[in-house]
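Reader: Could you take me through one part of this model up close? I'd like to hear about the enclosed space inside the chain and what surrounds it.

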Amino acid sequence: MRCKNPLLLLVQGVLFCTFCSQGYGQFVEYSNDFLNIGAGARGLGMGSTQSATADDATAGYWNPAGLVNVSQYPTISAMHADYFAGIGKYDFIAGAFPINGGNQTLGITLLRFGVDNIPNTLFLVQPDGSINYNDIQSFSSADYAFLFSYAQPIKNEEDRQFSWGGNAKIIYRQVGSFAKAWGFGFDGALLYKTPSWRLGLVAKDITTTFNAWAFTFSSAEQQVLYTTDNAIPVRSTELTAPSLVLAAGYNFAFGDKFHLLAETDMNVTFDGKRNTVFSSNPVSIDPKIGLEANINNTIFIRAGASNFQQALADGDTLNQRKVWIFQPSIGAGFKIGNVSIDYAFTNLANQSSPLYTNVFSLKVDIAPKNKEGSKKGYLPTLPKADKPKTGKVYIPQI
């Protein structure tokens, strides 16, 4: 059965799951927060604003409804970034595959955020008080997410398109041999686009995502934890509350060879009061803004700002004066044929703290040589012989 109003249904589902689920478990703020890092240097360079304009394999992460833009041939995206001087490593790879003549699109995404070679000092101090460095071993703490995406149009018209998409996600988290967790959840998304406008709505963790933790310690490890007054956990469950992303993007065209894309995203959370621009209990709103200059669909320059919050002012010895800070980012990219290389430079803390990281990503369109695509920029055109017949509408890509 076709839903007459999918937007209303999606919003009602999020609100129902949010408020009804509170009676069955305790939500954890920032649960599975590694899923909020981002995907692709393009999005990170634009302040993590992609929920309205992602149009390649990264759309499976930002807004699965955007996968409808991958309708002609498969595309693959990959990204790597080092955080905190290489201590943390973040990797992303995704593929989008059109099916049924381009009327539907499937996507698959893999993310990993991990810290490797962590020293295990449980047995560093011997029972007699001596220190034995040979007993130091290392382990890794890593978070994995697998996203399986689907998207298709709801309505196609000559100058607009309305589409929906969804994610089924599996989460695996591991801390050495001590702890493991499996989690499952679903996302739903809508996208409305015209030649200039993009409007997106993403409902994350719409059914409430949970992580079921199990802990395993050897008898020797338990003895050390017991003698040092540490709790020995057995199992626990971590719930991630539903959230919404409201996004809008607009393209300013200055001729055929230069375009300026502006987007703003609003992350709406329902798990309690957060340090955001709009902060209340239980709803908080975190805005993000981003810009992308497109030169002949070959060279791209980007900038953005996100993570707006209040912090104590530097030099305030009384810890009373607060100021607004944010996370700035810039980026660039270029496209040659079917290959795009993007770069982002972002500050992980705020504009005054030196916690910068470099992000690189690669996108490859697996297209036949005679389908390299238009090089006229944001609003490509089709030759007359390739114009679609009635019922199949060509929608310009952002």
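Author: A quick definition to start: a residue is called buried when its relative accessible area is under 20%. On that basis, 45% of the 398 residues of the chain count as buried in this predicted model. The accessible surface of the chain comes to about 20,500 Å², and carbon and sulfur atoms hold 60% of that.

Now for the space inside. Rolling a probe the size of a water molecule over the atoms shows where empty space is left. Here the count is one cavity of 30 Å³ or more, and the largest cavity has a volume of about 90 Å³.

Who lines it? Going along the chain, you meet Asn-36, Ser-48, Ser-51, Tyr-61 and Trp-62, then Lys-204, Val-245, Asp-265, Asn-267 and Lys-288. As for character, the lining is a mix: three nonpolar residues, four polar and three charged. Two elements each bring at least two residues to this lining, namely helix 3 (59-62) and strand 11 (258-269).

For context, the chain has four helices and 17 strands. Among contacts with a separation of 6 or more, 57% are between residues 24 or more positions apart.

While you're looking at strands, try strand 2 (residues 88-99). Strand 1 (residues 75-83) pairs with strand 2 in the antiparallel sense over nine bridges, with Ala-81 opposite Tyr-90. Strand 2 also pairs with strand 3 (residues 104-120), again antiparallel, over 12 bridges, and there Pro-98 stands opposite Thr-105. Each hairpin has four residues between its strands, with a positive phi near 55° at Phe-84 in one and at Asn-100 in the other.

Notes: Residues numbered from 1 in each chain as written. Predicted model: local features only at pLDDT ≥ 70, side-chain atom pairs only at ≥ 80, totals over all residues. Heavy atoms only, no water. 1 Å grid on protein atoms, 1.4 Å probe; cavity = no way out; pocket = protein on both sides within 12 Å on 5 of 7 lines; lining within 4 Å. Points joined across faces, edges and corners; volume = space filled by probe spheres on them. Nonpolar A, V, L, I, M, F, W, Y, C, P; charged D, E, K, R; others polar. Buried < 20%, exposed > 50% of the residue type's maximum accessible area, 1.4 Å probe, protein only. Contact = heavy atoms within 4.5 Å. Areas by Shrake-Rupley, 256 points an atom, 1.4 Å probe, with all protein chains shown as cover. Pairing = 2+ DSSP bridges.
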